[in-house]
Amino acid sequence: MSENGKIMLTADDGSEEAFFVLEKAEIAGVSYLLVVESVDEEDADAMVLREQNDDSVVTYEVVDDEEELKIISKYFEELLEDVEIRLD
């Protein structure tokens with residue numbers, strides 16, 4: 001992760017996309033990132049990513065399990081008082 005809170009993620013097809021990290025949290029020994037594509041939009045779509053470390057390679061996986069997503073989203077809302085997370 002870079003110092004300015006921006007990370008580059010590479011998809012399985014090799015394409016790269018930049019995301020801004022709003023918050024990072026460790027819950028039950030697992031690291032999660034709350035990321036958005038743009039910090040300029042008021043209603044930006046956000047994703048919760050789960051960090052996975054395999055030796056020296058760090059990968060991120062989108063959290064799509066509904067129960068896990070509810071728990072992590074609630075935690076991020078409490079950390080970021082001015083952010084409301086809606087699960088659609």
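Select S31 to begin, and note that this residue counts as buried because its relative accessibility is 12%, under the 20% cut-off for that class. The model in the viewer is a predicted one, and in it S31 belongs to strand β3. If you now display the surroundings of S31, leaving aside neighbours within four places in sequence, you will find it in contact with K24, A25 and E26, and also with L49, R50 and E51.

From that set, carry on to A25, whose contacts, not counting residues up to four places away in sequence, are V30, S31, Y32, Y75, F76 and L79. A25 is also a member of the largest nonpolar core, so keep it selected and add I27, Y32, L34, V48, V63, I72, F76 and L80, which brings up the nine residues in full. Colouring by element helps here, as β2 (16-27), β3 and α1 (66-79) are the elements that give two or more residues to this core. A second core, separate from that one, has seven residues, among them I7, L9, F19 and V21. As background to both selections, nonpolar side chains tend to be buried together in soluble globular proteins.

For the last stop, move to A44, in the loop between β3 (30-36) and β4 (46-54). Is A44 buried, partly exposed or exposed? Its relative accessibility is 25%, and therefore A44 counts as partly exposed, since that class lies between the limits of 20% and 50%. Showing its contacts, again not counting residues up to four places away in sequence, brings up V36 and S38.

Methods
Residues numbered from 1 in each chain as written. Predicted model: local features only at pLDDT ≥ 70, side-chain atom pairs only at ≥ 80, totals over all residues. Heavy atoms only, no water. Helix = DSSP H or I, 4+ residues; strand = E, 2+ residues; numbered from the N terminus. Buried < 20%, exposed > 50% of the residue type's maximum accessible area, 1.4 Å probe, protein only. Contact = heavy atoms within 4.5 Å. Core = buried A, V, L, I, M, F, W, Y, C linked by side-chain atoms within 4.5 Å.
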